[in-house]
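Colleague: I am new to this structure. Please walk me through it with short questions and answers.

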Amino acid sequence: MRNERRLPTRTPESRAFAERVPLVMGLSARLNALPFDDLDARRTLLTEIFGGPVPDSLTVLPPFHCDYGLGASFGERVFINQGCFFLDYGGITIGDRVLIGPRVTLSTAGHPVELDERYDFITHAPIVIEDDVWIGAAATVTPGVTIGRGSVVGAGAVVARDVPPLSVVTATSIVERKRLKPPSAS
């Protein structure tokens, strides 16, 4: 992944991340249990989830799931439809007038692909969604991706590379990128 950083496991930093996850997941569960029309309570919980004020023009329709919260920032007039997942440890920046369809996943974190390293690190890289982007239902955006201004990501797409401005991207595919080394003997 582009711009990949690594968080070693079993460190104070990884423990701080791990301690925040159940807190934010609990806040997300409370958000999802609110009556739909309780907008004031929804805004209060979103402020807690994201660690500070969010724009008044931000709309997040529950259910909404987030694992960290401190890595996300929002422009004006952002609309996030139902059932979205934000795994934001690596950072999610969303520009102005962005539309995010139902069941979209924005995932900024993962693990190294090499088996000998997989349990020793959390990999992470930011996602940047520029102004006026529309992401269709059930799309997945992977770590390190920038979606350029004015672009459209079709429903169900898996976005693993940058999207140029004013582009339409669709589809999923399985492409073998490389062969992994066998694990070393323990």
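Colleague: Which ring does the charged end of Arg6 sit over, and how far from its centre?

Modeller: This is a predicted model: local features need pLDDT of at least 70, side-chain atom pairs count only at pLDDT 80 or more, and totals for chains, interfaces and linings use all residues. Residues are numbered from 1 along each chain as its sequence is written, and side-chain values use heavy atoms, with hydrogens and water left out. A charge sits over a ring if NZ of Lys or CZ of Arg is within 6 Å of the ring centre and within 35 degrees of the ring normal. For Arg6 the ring is that of Phe121, and the distance is 4.9 Å.

Colleague: Which residue lies over the face of Phe36?

Modeller: Here too a charged side chain is placed at a ring, 4.9 Å from the centre of Phe36. The residue is Arg42.

Colleague: Arg42 is also among the residues of helix α2 that meet α1. How are α1 and α2 oriented to each other?

Modeller: Helices (H or I, at least four residues) and strands (E, at least two) are DSSP runs, numbered from the N terminus. Helix α2 spans residues 39-49, and its axis is 10 Å from that of α1, at an angle of about 170°. Axes are lines fitted to C-alpha atoms, for helices over the stretch in contact, and angles run from 0 to 180 degrees between N-to-C directions. Angles under 35 degrees count as roughly parallel, over 145 as roughly antiparallel, 65 to 115 as roughly perpendicular and the rest as oblique, so α1 and α2 are roughly antiparallel.

Colleague: Which residues of α2 meet α1?

Modeller: Contact means heavy atoms within 4.5 Å. From α1 come Arg20, Val24, Leu27, Ser28, Arg30 and Leu31. Their partners in α2 are Arg42, Leu45, Leu46, Glu48 and Ile49.

Colleague: How many aromatic pairs are there?

Modeller: Rings of Phe, Tyr and Trp (its six-membered ring) pair if their centres lie within 6.5 Å; planes under 30 degrees apart count as stacked, over 60 as edge-to-face and the rest as tilted. By this rule the count is 6.

Colleague: Why is the pair of Phe17 and Tyr68 called tilted?

Modeller: The ring centres of Phe17 and Tyr68 are 5.5 Å apart, and the planes meet at 50°, so the pair is tilted. Phe17 belongs to helix α1 (residues 12-33) and Tyr68 to the loop between β3 and β4 (72-74), so the pair ties together parts 51 residues apart in sequence. Phe17 and Tyr68 are buried, where buried means under 20% relative accessible area, exposed over 50%, and partly exposed in between (1.4 Å probe, protein chains only). The plane angle behind the name is 50°.

Colleague: What kind of pair do Phe64 and Phe86 make?

Modeller: Phe64 in strand β3 and Phe86 in strand β6 are 22 residues apart. Both are buried. Their centres lie 5.0 Å apart and their planes are at 75°, so the pair is edge-to-face.

Colleague: Which residues form one aromatic cluster?

Modeller: The edge-to-face partners Phe64 and Phe86 belong to it. The full cluster is Phe50, Phe64, Phe74 and Phe86.

Colleague: Which residues of β6 point to the buried face?

Modeller: In a regular strand the side chains alternate between the two faces of the sheet. In β6 (residues 84-87), Phe85 and Leu87 point to one face and are not buried. On the other, buried, are Cys84 and Phe86.

Colleague: Which residue in β9 is the bridge partner of Leu87?

Modeller: Two strands pair if DSSP finds at least two bridges between them. β6 pairs in the parallel sense over 3 bridges with β3 (residues 64-66), where Cys66 stands opposite Phe86. β6 also pairs in the parallel sense over 3 bridges with β9 (residues 105-107). There, the partner of Leu87 is Ser107.

Colleague: Is Asn81, in the loop between β5 (79-80) and β6, buried or exposed?

Modeller: Asn81 touches Leu61, Ile100, Gly101 and Pro102, not counting residues up to four places away in sequence. Its relative accessibility is 19%, so Asn81 counts as buried.
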